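Colleague: I am new to this structure and would like to learn how to read it. Could we go through it feature by feature?

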Amino acid sequence: MQREIEIDMYAGGLVFWKATMTAEADLSKACEELGLRVNWMAIDERKGLELALRDQYIRQGKLIRAAKPVEVARPDGTVQLCPSMVVVDESLQDKANAYECSRCYWLDPLTWLVYYSEQGGSAEDAGHIDAARYRGQVQGSHVGIGLEKIVEQVGGYKLRDNARIYYLPQTRMDRWNEVAARFESLGMTFFRANCPADSETAAAVADNAAAELRDRYRQILDLIAAQESKLSSSMTSETVKATAQRKRADLLTELELVKAEAASIDQSFRGLIDLAGEIGGEIDSAMALAILTTAS
């Protein structure tokens, strides 16, 4: 009688996530702890005012439109330009839509308090508009963009151009699990599906990974060419040449890392693809050509 044995035949994981609005300070702290670098795009004053007005009026069928900044005099004699928005009443006519502006709102960049005026009247407190809740926050869509940068730093490759689904080799999964756990503590939700080690999946991963690796090594080659130009120029000082030599050595190391990355993906798929041979051959050919060009 044959015995059935279950074997996990997968080459890594397909990961994706659901991001929510999060404080920029919390995101930056998480990155610092994980040794990652991301430039989080916090909500600015204009966007904060727009979002707060939408919270109040969008369900009423009213439109929010940007207006000219409002000048507000400060006690020290300076004038502060405050972002402003108008709330527009929309009424459907037979042939066109008619619009009537009822209120103009503006936000004080120092306090994030909101004020309004009725058709050019005196300023009134708009306590019902809570823009301060958005201060120092990053919108969920921008958190998602930042997570894309993070998964790329961890060693992931986008599986599809128009979808935030990334492939991570099995050797990177422990690091990704550490990252995901930290951001889950901030309210994110992460998903992972095992990536089967079959030829069709391997081909899809290889195509996308090859494109990204090619972009990476071509950028490195351009930087190497710039250093080669400095080294071969008779007008370059010895100090500049020494710096160029160090940068060139660092860039050559980066090229070797690109080769190693391709080899890591190959290893995950157990011989189904030869990305290392393909990318490595391209890099070696490009380097040989660069050396010949420099020598001539």
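Modeller: Start with a definition for helix packing: axes are lines fitted to C-alpha atoms, for helices over the stretch in contact, and angles run from 0 to 180 degrees between N-to-C directions. Bear in mind that this is a predicted model. With that, take helix H3 (residues 140-154) and H4, whose axes cross at roughly 155° and come within 10 Å. Angles over 145 degrees count as roughly antiparallel, so H3 is roughly antiparallel to H4.

Colleague: Which residues of H3 and H4 make the contact?

Modeller: On the H3 side they are Leu147, Ile150, Val151 and Val154, and on the H4 side Arg175, Trp176, Val179 and Phe183. The crossing of H3 and H4 is right-handed.

Colleague: How is a packed pair described in general?

Modeller: Two packed helices are described by the angle between their axes and the distance between the axes. Apply this to helix H1 (residues 24-34) and H4: the axes cross at roughly 155° and come within 10 Å. H1 is therefore roughly antiparallel to H4. H1 passes H4 in a right-handed crossing.

Colleague: Which residues of H1 meet H4?

Modeller: Leu27, Lys29, Ala30, Cys31, Glu33 and Leu34 do, and their partners in H4 are Arg175, Glu178, Val179, Arg182 and Phe183. One of the H1 residues, Cys31, has a relative accessibility of 3% and so counts as buried; the cut-off is under 20%.

Colleague: Which residues of H4 itself are buried?

Modeller: Met173, Trp176, Val179, Ala180, Arg182 and Phe183 are. Among them, Val179 and Phe183 are listed in the contact with H3 and also in the contact with H1.

Colleague: How do I check the length of a helix such as H4 against what is expected?

Modeller: Compare the span from the first C-alpha to the last with the span expected at 1.5 Å a residue. Helix H4 (residues 173-184) has 12 residues and reaches 16 Å, close to the expected 16 Å. The same check works for helix H2 (residues 45-57), where 13 residues should span 18 Å and the end C-alpha atoms are 18 Å apart, so the two agree. The buried residues of H2 are Gly48, Leu49, Glu50, Leu51, Ala52, Leu53 and Tyr57.

Colleague: What does the check give for H6?

Modeller: H6 has 31 residues and should span 45 Å; its end C-alpha atoms are 46 Å apart, which agrees. The buried residues of H6 include Ala244, Arg248, Leu251, Leu255 and Val258.

Colleague: At what angle do H5 and H6 pack?

Modeller: H5 and helix H6 (residues 238-268) pack at about 165°, and their axes are 9 Å apart. The pair is therefore roughly antiparallel. H5 passes H6 in a left-handed crossing.

Colleague: Which residues does Gln227 touch?

Modeller: Gln227 lies in helix H5. Leaving out residues up to four places away in sequence, Gln227 touches Ala244, Lys247, Arg248 and Leu251. Gln227 is buried, because its relative accessible area is 8% and the cut-off is under 20%. Of the residues it touches, Ala244, Arg248 and Leu251 appear among the buried residues of H6.

Colleague: Where is Ala202, and is Ala202 buried or exposed?

Modeller: Ala202 is in helix H5 (residues 199-232). With 1% relative accessibility, Ala202 counts as buried. Apart from neighbours within four places in sequence, Ala202 is in contact with Phe269, Leu272 and Ile273. A separation in sequence can also be set beside one in space: Ala202 and Ala11 are 191 residues apart along the chain, while their C-alpha atoms are separated by 8.6 Å.

Colleague: Is Lys68 buried or exposed?

Modeller: Lys68 is found in strand S3 (residues 63-73). Its relative accessibility is 74%, so Lys68 counts as exposed. From C-alpha to C-alpha, Lys68 and Leu81 are 9.4 Å apart, with their positions 13 residues apart in sequence.

Colleague: How many disulfides does a search of the whole structure find?

Modeller: The search finds 0 disulfides. As for Cys104, its relative accessibility is 18%, so Cys104 counts as buried.

Colleague: How many helices and strands does the protein have?

Modeller: It has 7 helices and 11 strands. Of its 296 residues, 39% count as buried. Among contacts with a separation of 6 or more, 63% are between residues 24 or more positions apart.

Conventions
Residues are numbered from 1 along each chain as its sequence is written. This is a predicted model: local features need pLDDT of at least 70, side-chain atom pairs count only at pLDDT 80 or more; totals for chains, interfaces and linings use all residues. Side-chain values use heavy atoms; hydrogens and water are left out. A disulfide is a pair of cysteine sulfur atoms within 2.5 Å. Buried means under 20% relative accessible area, exposed over 50%, partly exposed in between (1.4 Å probe, protein chains only). Helices (H or I, at least four residues) and strands (E, at least two) are DSSP runs, numbered from the N terminus. Contact means heavy atoms within 4.5 Å. The expected span of a helix is 1.5 Å times one less than its number of residues. Angles under 35 degrees count as roughly parallel, over 145 as roughly antiparallel, 65 to 115 as roughly perpendicular and the rest as oblique. A crossing is left-handed if the near helix is turned anticlockwise from the far one by less than a right angle, and right-handed if clockwise.
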